[in-house]
Amino acid sequence: MFPERLRALRRGERITLKELAAALNENLGPGERPNTASQIGNWERGIRTPNYIEARKLAEYFDVSLDYLTGKSDRDDYDLGKLFFSGKDLSFNGKNLTSEDRYEIFQLIDGYMKGRENRKDTDKFYGRQGELNLHFKK
């Protein structure tokens with residue numbers, strides 16, 4: 001499971017093995033050896049297995065849990081609140097979100113979630129709606 005998840009995460013980010021190795025090597029701790037593209041390729045092919053420190057660096061880089069990366073968990077939940085205030089670049093429909101955009105969107109979602117508890121008969125309204133097609137750009 002680990003090799004498949006690592007490969008999918010890397011390809012999803014559209015980065016090469018060499019680029020991933022360079023990113024993992026940016027903050028080497030004492031006694032850590034630099035990662036190489038061939039080493040990561042061996043992890044993806046299941047020939048070798050990373051040690052705990054390397055697996056943790058991969059999980060941190062891809063912002064997933066170790067449980068997800070190793071296959072212990074089938075999904076990795078994200079808290080949108082934390083995502084909006086993370087240092088990651090975010091975009092919507094191909095447009096980058098500024099820090100002001102992020103804050104405003106967070107406030108909208110937070111208000112919706114708090115107000116949802118006070119609304120009545122939401123099943124009557126939302127149950128009648130068809131599938132929502134937002135036409136997101138790919």
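Begin by selecting Glu-44 in this predicted model. Setting aside the neighbours within four places in sequence, Glu-44 is in contact with Pro-3, Leu-6, Arg-7, Arg-10 and Leu-17. Show these residues as sticks together with Glu-44. The residue belongs to helix H3, which covers residues 37-44. Is Glu-44 buried or exposed? Its relative accessible area is 5%, and because buried means under 20%, Glu-44 counts as buried.

**Helix H3 and its surroundings**

Next, select the whole of H3, residues 37-44. Which residues of H3 are buried? They are Ile-40, Gly-41, Asn-42, Trp-43 and Glu-44. The buried residues of this helix pack against H1, H2 and H4, and those three helices may be coloured separately for the next steps. Just after H3, select Gly-46, where phi is positive, at about 75°.

**H1 against H3**

Now display H1 (2-12) beside H3. How do the two helices cross? Their axes come within 7 Å, and the crossing angle is roughly 125°. H1 and H3 are therefore oblique to each other. On the H1 side, the contact is made by Phe-2, Pro-3, Leu-6, Arg-7 and Arg-10. On the H3 side, the residues to select are Ile-40, Trp-43 and Glu-44. Colour the contact of H1 with H3 by class: five residues are nonpolar, none is polar and three are charged. Glu-44, the starting point of the tour, is one of the residues in this contact.

A further residue of interest is Arg-5. Select Arg-5 and Tyr-68 together: the charged end of Arg-5 sits over the ring of Tyr-68, 4.3 Å from the centre of that ring.

**The loop after H1**

Follow the chain from H1 into the loop that leads to H2, and select Arg-14. What is the sign of phi at Arg-14? Phi is near 55°, a positive value in a residue other than glycine. Is Arg-14 buried or exposed? With 74% relative accessibility, Arg-14 counts as exposed.

**H2 against H4**

Continue to helix H2 (residues 17-24), and display helix H4 (residues 52-62) with it. The axes of H2 and H4 come within 10 Å and cross at roughly 105°. Angles of 65 to 115 degrees count as roughly perpendicular, and H2 and H4 are therefore roughly perpendicular to each other. Which residues meet here? From H2, select Leu-20, Ala-23 and Leu-24; from H4, select Lys-57, Leu-58, Tyr-61 and Phe-62. By class, the contact of H2 with H4 has six nonpolar residues, no polar residue and one charged residue.

Remain at H4 and turn to the aromatic rings. How many aromatic pairs does a search of the whole structure find? The search finds one. Tyr-61 and Phe-62 form this pair, which is edge-to-face, with 4.9 Å centre to centre and 85° between the planes. The accessibility of each partner may then be examined in turn. Tyr-61 counts as partly exposed, at 32% relative accessibility, whereas Phe-62 counts as buried, at 5%.

**The two strands and helix H7**

Move on to strand S1 (91-92) and strand S2 (95-96), and select Asn-93 in the loop between them. Phi of Asn-93 is near 55°, which is a positive value in a residue other than glycine. At 27% relative accessibility, Asn-93 counts as partly exposed.

Then select helix H7 (residues 99-116), and within it Asp-110. Asp-110 counts as partly exposed, at 25% relative accessibility. Where does Gly-81 lie in relation to Asp-110? The two residues are 29 residues apart along the chain, and their C-alpha atoms are separated by 8.5 Å.

**The whole chain**

Finally, clear the selection and view the entire protein, which has eight helices and two strands. From the N terminus on, the elements run α-α-α-α-α-α-β-β-α-α. What percentage of the 138 residues counts as buried? The value is 24%. Among contacts between residues at least 6 apart in sequence, 44% join residues at least 24 apart.

Conventions: Residues numbered from 1 in each chain as written. Predicted model: local features only at pLDDT ≥ 70, side-chain atom pairs only at ≥ 80, totals over all residues. Heavy atoms only, no water. Phe/Tyr/Trp six-rings, centres within 6.5 Å; stacked < 30°, edge-to-face > 60°. Buried < 20%, exposed > 50% of the residue type's maximum accessible area, 1.4 Å probe, protein only. Lys NZ or Arg CZ within 6 Å of the ring centre and 35° of its normal. Axes fitted to C-alpha atoms, helices over the stretch in contact; angles between N-to-C directions. Helix = DSSP H or I, 4+ residues; strand = E, 2+ residues; numbered from the N terminus. Parallel < 35°, antiparallel > 145°, perpendicular 65-115°, else oblique. Contact = heavy atoms within 4.5 Å. Nonpolar A, V, L, I, M, F, W, Y, C, P; charged D, E, K, R; others polar.
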